[in-house]
Amino acid sequence: MIGATGQTGRVAVRALAEDGWEVHAASRGGGRDEHWPGDVRAVRLDREDDAALAAVIGDGCDVVVDMVAFGETHAHQLTGLAGRIGSAVVISSGAVYEDDRGRGFDTQDEPDGGPRYPVPIPETQRTVAPGEATYSTRKVLLERELLAAGDALPVTLLRAGAIHGPYCRTPRELHFVKRSLDGRRRRVLAYGGRSRFHPVHVANLAELIRLTAARPGSRVLNAGDPQAPTVAEIGVAIDKVLDRETETVLIDGAPEGGVGDTPWSLEHPVIYDMTAAERELGYRPVMDYAESLPGTVGWLTERLRGRDWADAFPKMVQNYGRDTLFDYAAEDAWLARHDRTAG
């Protein structure tokens, strides 16, 4: 497994080992997770070093699970080792999809750029053009290069939804957890709180990896939880875990000056069709969203203890900006105007 100590890799290594696989867990640091069985072999690997990857593969292996592949270079690394790899499971993303007017995740900040996907989105939905320009285009380039290998290297690509669970570098749940820990008792949600961005818990993604490893093939499958809750439902569920009560104030339309925005906020729903995984793999989710929250919230709470959130989650700052996620002054000013208008 490449990327074994990442958020999903930790869980997938254990799932595969418990299923009887001899697992070589490769990561840049070569570390171990405390929950791995003792016979898991931890390996230090710089993914960008072709020779190092070839050395880890050695004379051959039954399956390579790649958690961190992007673009053409990584695809060629894997296909170049086709003779020594029985099959591969590679994590892609639901961000590859575009709607019938060419709108996708990369166009969301443009006027009328929010995608309007079918509900749910099947794997046959069109994707953005391949290329190296963005996360989405690089994932499509990766997918096409790998699928072109055909029988020489059977590859299953798992198009993951919004991955959640402990050890996430960009945990969306931080948006509500930090507000609650900071004593905020009102939250503002755009789009009437109806936004739905299909999540996938690390345990469900690990289950898909486990099933795919035993059933190799060249295909693309969505990866999602059994439910896609609205952002308002997520806020309420997190309140329940923290034993807090928060008043929700709704904006019917888009965020106003950033107020009402969240990491799930989308004008139109993004929900992935899971019937292909159920049909081809016999997939059944092992975790639902609400059931997973105590573990995620507990991990977030502990990681924030005594630390500035930006130090605890630097990748979150990189992706969203330090001054946007928790701009309480702007939120309070908006709420004051809202209260005056409502009064």
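Okay, one definition before we start: helices and strands here are DSSP runs, numbered from the N terminus, with at least four residues for a helix and at least two for a strand. Keep in mind too that this is a predicted model.

With that numbering, let's begin in the loop between helix 7 and strand 10, which spans 247-250; that's where you find Asp-243. Asp-243 isn't a glycine, yet its phi is positive, at about 55°. Is Asp-243 buried or exposed? It counts as exposed, because its relative accessibility is 69% and the cut-off for exposed is over 50%.

There's another aspartate to look at, Asp-112. Its phi is near 55°, again a positive value in a residue other than glycine. Asp-112 sits in the loop between strand 4 and helix 4. At 45% relative accessibility, this one counts as partly exposed.

Stay in that loop for a moment, since Pro-120 lies between strand 4 and helix 4 as well. The peptide bond joining Val-119 and Pro-120 is cis, with omega at about -5°.

Follow the chain out of the loop and you reach helix 4, residues 135-147. It has 13 residues, and from its first C-alpha to its last it reaches 18 Å, close to the 18 Å expected at 1.5 Å a residue. So what do the buried residues of helix 4 pack against? They pack against helix 3 (71-79), strand 4 (85-93) and strand 5 (155-160). Among those buried residues are Val-140, Leu-141, Leu-142 and Leu-146, and the list also includes Lys-139 and Glu-143.

Now for the inside of the protein. The largest nonpolar core has 37 residues, and the ones with the most contacts inside it are Leu-174, Phe-197, Ile-238, Val-270, Trp-309 and Phe-313. Which elements give two or more residues to this core? Those are helix 5 (174-181), helix 7 (231-242), helix 9 (289-304) and helix 10 (309-312). Helix 9 gives the most, with six residues.

Let me zoom in on Val-270. Leaving out residues up to four places away in sequence, Val-270 touches Phe-105, Tyr-117, Ile-121, Arg-196, Phe-197 and His-198. There's also a second, separate core, this one of 32 residues, and it includes Met-1, Ala-17, Ile-209 and Leu-221.

Met-1 turns up again in the second largest pocket. The volume of that pocket is about 410 Å³. Its lining is made of 18 residues, and Met-1, Glu-22, His-24, Cys-61 and Val-63 lie nearest the centre. Strand 1 (24-27), helix 2 (50-57) and strand 3 (61-66) are the elements that give two or more residues to the lining. The largest share, five residues, comes from strand 3. And what's the make-up of that lining? It divides into 14 nonpolar, two polar and two charged residues.

Last stop, Ala-42, which you'll find in strand 2, residues 41-44. With a relative accessible area of 28%, Ala-42 is partly exposed. Its C-alpha and that of Ala-26 are separated by 6.0 Å, although the two residues are 16 apart along the chain. If you set aside neighbours within four places in sequence, Ala-42 is in contact with Ala-25, Gly-30, Gly-31 and Arg-32.

That's the tour, thanks for listening.

Note on methods:
Residues are numbered from 1 along each chain as its sequence is written. This is a predicted model: local features need pLDDT of at least 70, side-chain atom pairs count only at pLDDT 80 or more; totals for chains, interfaces and linings use all residues. Side-chain values use heavy atoms; hydrogens and water are left out. A nonpolar core is a set of buried Ala, Val, Leu, Ile, Met, Phe, Trp, Tyr and Cys residues joined through side-chain atoms within 4.5 Å. Buried means under 20% relative accessible area, exposed over 50%, partly exposed in between (1.4 Å probe, protein chains only). Contact means heavy atoms within 4.5 Å. On a 1 Å grid over the protein atoms alone, a cavity is a set of points where a 1.4 Å probe fits but cannot get out, and a pocket is an open set with protein on both sides within 12 Å along at least five of seven lines; lining residues have an atom within 4 Å of a point. Grid points are joined across faces, edges and corners, and a volume is the space filled by probe spheres set on the points. Ala, Val, Leu, Ile, Met, Phe, Trp, Tyr, Cys and Pro count as nonpolar, Asp, Glu, Lys and Arg as charged, and the others, Gly among them, as polar. The expected span of a helix is 1.5 Å times one less than its number of residues.
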